[in-house]
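Welcome, and please open your viewer. We will take a short walk, one selection at a time.

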Amino acid sequence: MPGRTRTVVTACPRNCYSTCGLLVTVEDGRIRRIEPVPDNRATATGACLKGLSYIERVYARDRLLHPVRRTAAGGFARVSWDEALDEIAGRLAAIRGAHGPQAVLFYAASGTKGLMNRVATDFWRLYGGCTTTYGDLCWPAGLEATRLTLGANEHNAPWDLANARLVVFWGKNAAETNIHQMTYVNQALDGGATLVVIDPRRTETAERASLLLQPRPGTDAAIALAVANVLVARGWIDEAFVAAHVHGFEAYRERVQGCTPEWAEAVAGVPIASIHRLAELIGTTRPATICAGFGMQRYTNSGQTMRAMIALLALTGNIGAPGAGWIFANLRTQVFGEKDPLAFYPPERPGGPFRVSISTALLGPQMLATTDPPLKMAWVERGNPIPQNPETPAVLKAFRALDFRVVVDEVLTDTAREADLVLPAKSLFEQTDVIGAYWHDYLQLKPRVIDPPGEVRPESEIYRALALRLGVDPAAVTDTFPDGSDESVERYLERRLAALPGVTLAMLREGPVRVPDRAEVAFADRRFATRSGKIELLSTEAASRWGLDPVPGYTEPVETVSALRRDSARFPLVLLTPNTKNRIHSQFGHLPSMRAIDPAPRLLIHPEDALERDIADGTRVRVFNDRGSLTLAARLDCGLRPGCVAVHNGWWITDGGAVNLLSMARETDMGHGAAFHENVVDVRVAR
Amino acid sequence: MTAASTATTTRPPAFVHDLETCVGCHACVIACANENALHDGRLWRQIVSYNPARHPAQPTFHLSIACNHCLDAPCLRHCPALAIARDPRTGAVLIDDARCIGCRYCGWVCPFDAPRFDPSRGVMTKCTLCSGRLAAGRQPACTSLCPTGALSLDGHVPSDGVALAAFPRTDARPMITFLPVRHHALADHGPGGAALGVTSGETSPALPRKVTLRTEWSLAVFTFVAIVLVAWVLAWALGASRPRLLAVAGLGMAGMAVSAAHLGRPTRAWRAMLNWRDSWLSREVITYGGFLAVAVATLAWDGPAWARWLAAAAGFGCLVCVDQVYAVMARDDAAPPDRATAVVSGIFLGGILAHAPAVFVPAGLARLIGFLARTRAQPSRRTRDLWWLAVARVAAGAASVLLALAFGAAAWPATVLALLAEWLDRCDFYNRLDIVTPARTAQRALDDALRRLGTPRTLETDPSAAPGRG
């Protein structure tokens, strides 16, 4: 019936480069179509399979539509909101009385972006505080390396990549994780550009490359240093640029002197000819862009690795020009301090209501070690930390050691299955919010498109109800939390948006808005917010803040299989845990159509390693180390570097594919990131 | 005028698939599922990867495949119920829900594996080219939602002359054109190993078959019943004693019931006879009914030799149709001697039942040759899984012939063994039916490419190509 069909422009709030605009068609109150939003130029061709699968996800049969409580038998039974909230409020009050508010851990991950997430912090402040985490699983080493070197995490507009003559994808598989970037790669290739991929796997992105380097995982710095060595030796240095804009060139030149391609070949295990070829391409092609991925900076040496990679662009003057630069993260839209006070780094002076004492990378061990007061309860939202944080067995143990656990989620994840109470979470279509991004610089309105189904309530209303039950002054509650109406939520958002002059909710209602201080080319003015005001190849802050060598170099990863020790190593294979196009971390995998596309976790293994172990395609194998094991089917992959095996990240424990059963809680060398990609294993036929 | 020829009046627009820009992202698959409300894991569009194990000597690329609305669509031609027709507005090949009997035959004859059974409604379903959207001037969901612009629809590109080894070869004239892969400087592909010689057979998973005994046992039973009945009547014509009327009628009706039970919509079973002009399946149904009627009448009448031969001939007419049902499909196990398996089976069994060595010895030999040809045409590892069935089938067949030769009319065990052998043969036939699917075609194309390149078959890595592995 005409009039009952409407379209709404919204945006995807997942932790993903693309952060697509979505044009949603609603017919008779039900979402029928998801189509492109051309006004978001970066994602103008529309969402990936995950964005399109929201139609299935929102109406999924296994979605939680009401609170559930763990039963004595281990299952879950429906409870009313009143029962659930009364119990939580009772527990919160009791724990605060007996141990203080900091006996409660509030843990939120990156499951849903948006300004509304701030209501959580608002609530815990009213409660009197809590214990929270610092650091991040995703990207801190790279962010910090970029900040130390370039002064800010900014990069050229996404479409500018089409101007590059050389594109280096270093540890990034855009074809699966940032598919819209491939549009610009294709445009660059059409214009005659060269594509280089550096990745232990022959990825879908590598399929388009004319040079693929497959290093031993964690040794990328050796390649970067050796390339710099060749650049210096061959005189492929932009002398004028270096003189004007680079701090520490002499020290860096000294550092790379001994880092010959021969040395890098031995360390990284890539052919010397490939290193020379890469150096020649970087040394002689203008403009050049390096797109660095996130996976590669989840090693114990990765901050320094990223600095060595940026140095290649600095040496060749590939910063601040069209088609040139360093594409890691663009934080121009992250201007609201959404994580405040959950800053990336622990506060310099501890104290206040929030005890920011647990490193996200070390969640399990540090939860268990927390005292004075010890943790009694956890509240988890926007995350699935048990399979997704390093060292799953320790995280599981830490959660089981608590007296009470509340999880807010759309489905019964591995973490939710460990909870005492699971509260149903809103989907992206069920409350208005404003979404930033980290690849393009659009702010996007994510309006409420449909009413929450069943008894689903947005977190703002959950917290509001809890605050009232805890006896918080109703005036303060009204002041802090929006009520259920769209107008109230919009007023809340407008207050938050006030921090960004030049952008209003009214503007966002018209479509995606690029932030006012956007630039097509980052650092075009050659101003760098570092201590020296230049690109710093020598960073005193790297030394003072992180205790690292001010000049980036190569250190062997803590957990690795070196070329020499391979035959004698107890765990001779390096486990890679890359992301797949089919999930955002542990989300989307439960949907029937995703299951049809990707039914079960697999161990990817090179035929050479498989043959040594009597493994054929389809053989059930056990992947194990001292920390745990997984049993799954093997799939032979000739494109893997021999000596590496891979299981895609994001499978649940209940799927039999939770890769962090094998990982270890460790921090990166800078930024309090998680170095959980550094794992050695062995593989045997399962008995 | 046949249905097929009247339907070519409107030429549908062709898919244009750019293999270079396609990254196999599956957005088209989900877009299709959304548009058509497929939320039960049933998908109309699929991604088939060429070289999924990334053999170093070949590029990897992906084919996005659904119905290609072929100009000579096998589904349309062979649908027994006349349920498939071309949409005069858009040229799309469409299945009519109200006419489909759910026999799944369109899925068998389609080399692109496009028609999919909807168990909840008991009918076949497939890509409609988003006819409603097309008619409203919009693009189909799959092409309009491709994030890399790799899949599009272009009314001007002819579909003829598709020359892509990884794509099923067919004379159906599918409306799809491919733009080739542009970049792959694989010489530079590092220690993954240009020196590595792995056959695709070692790295490819065993692909599912469209038709197996497990899913189609009812058809195996039906065709076996048809063969046995025809053999029985043939034996009578050859001079054996008269079959019992009730047994023939009862068995015949039971066979019909079993085959009808396999339909998604059994109440529409009568529609299976409608496409007698074009569909061997319709002809099979009609000739089976005709044979049964003639045989029962002849038995009731206890007719003379000419009538018995007439009944037998009607039966063999049916068996010819049975064989043709399987022959018209695009099959990779193409072994001509095996293409008349039901007919020869009927002759052999008839000979055994009638104790006529002049009939069963040559027919038995033909059976053996057909069986061996079928076995040889099977290159896959699955053949090995079936070795016991093959041994049992040959042993039972040979034993029945020897017993019949040695003991003549007294050898009832020969009959039992011959029936067993033919039943095993029927099972084996279904288990080996190697119908072309896009995934199997892509796998075979990779095999062929690697064979042409002459890659070594042993696993050896040149150490100099992968220094410091680890």
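Before you click anything, here is a number to keep in mind: 60 salt bridges are counted over all chains. Please also remember that this is a predicted model. Let us visit a few of those bridges before turning to the strands.

**Stop 1: a bridge between two helices.** Select Glu541(A) and Arg147(A), which form a salt bridge whose closest N and O atoms lie 2.7 Å apart. This pair links distant parts of the chain: Glu541(A) sits in helix H21 (residues 540-546) of chain A and Arg147(A) in helix H5 (residues 140-150) of chain A, 394 residues apart. Is Glu541(A) buried or exposed? Its relative accessible area is 13%, so Glu541(A) counts as buried, the cut-off being under 20%. Arg147(A), on the other hand, is partly exposed, with a relative accessible area of 28%.

**Stop 2: a loop meets a helix.** Now pick Asp549(A) and Arg255(A); here the salt bridge brings the closest N and O atoms to 2.8 Å. Again, distant parts of the chain are linked: Asp549(A) belongs to the loop between H21 and strand E22 (573-576) of chain A, Arg255(A) to helix H10 (residues 249-257) of chain A, and 294 residues separate them. Asp549(A) is partly exposed at 35% relative accessibility, and Arg255(A) is partly exposed at 28%.

**Stop 3: a buried pair and a network.** Move on to Glu381(A) and Arg382(A), whose side chains meet in a salt bridge at 2.7 Å, N to O. Glu381(A) is buried, at 2% relative accessibility, and Arg382(A) is buried at 16%. For another view of salt bridges, select Glu27(A), Arg32(A), Arg33(A) and Glu35(A) together with Glu35(B), Arg133(B) and Arg138(B): bridges that share partners join these residues into one network.

**Stop 4: an enclosed strand in chain B.** Select strand E3 (residues 61-65) of chain B. How many of its five residues are buried? Five of the five are, so strand E3 of chain B is largely enclosed by the rest of the structure. In a regular strand, side chains alternate between the two faces of the sheet. Try colouring the two sides of E3(B): Phe61(B), Leu63(B) and Ile65(B) lie on one, His62(B) and Ser64(B) on the other, and all are buried, so both faces are covered. Next, add strand E2 (residues 46-50) of chain B, which pairs with E3(B) in the antiparallel sense over five bridges. Look for Tyr50(B), which stands opposite Phe61(B) of E3(B).

**Stop 5: an open sheet in chain A.** Show E18, E19 and E20 of chain A: these three strands form an open sheet in that order, with antiparallel pairing. At its edges are strand E18 (433-435) and strand E20 (513-514) of chain A, each pairing on one side only. E18(A) and strand E19 (residues 442-446) of chain A run antiparallel, paired over three bridges. To see one contact, find Asp433(A) and its bridge partner Lys446(A) in E19(A).

**Stop 6: a barrel to finish.** Which strands of chain A close into a barrel? There are six, in the order E22-E26-E23-E25-E24-E27, and their pairing is mixed. From one strand to the next, the twist averages 45 degrees. Zoom in on strand E23 (residues 602-605) and strand E26 (residues 644-646) of chain A, which run antiparallel and are joined by two bridges. For your last selection, choose Ile605(A) and its bridge partner in E26(A), Val645(A).

Definitions and conventions: Residues are numbered from 1 along each chain as its sequence is written. Chains are lettered from A and ligands numbered from 1 in the order in which they are written. This is a predicted model: local features need pLDDT of at least 70, side-chain atom pairs count only at pLDDT 80 or more; totals for chains, interfaces and linings use all residues. Side-chain values use heavy atoms; hydrogens and water are left out. A salt bridge is a side-chain nitrogen of Lys or Arg within 4 Å of a carboxyl oxygen of Asp or Glu. Helices (H or I, at least four residues) and strands (E, at least two) are DSSP runs, numbered from the N terminus. Buried means under 20% relative accessible area, exposed over 50%, partly exposed in between (1.4 Å probe, protein chains only). Two strands pair if DSSP finds at least two bridges between them. Axes are lines fitted to C-alpha atoms, for helices over the stretch in contact, and angles run from 0 to 180 degrees between N-to-C directions.
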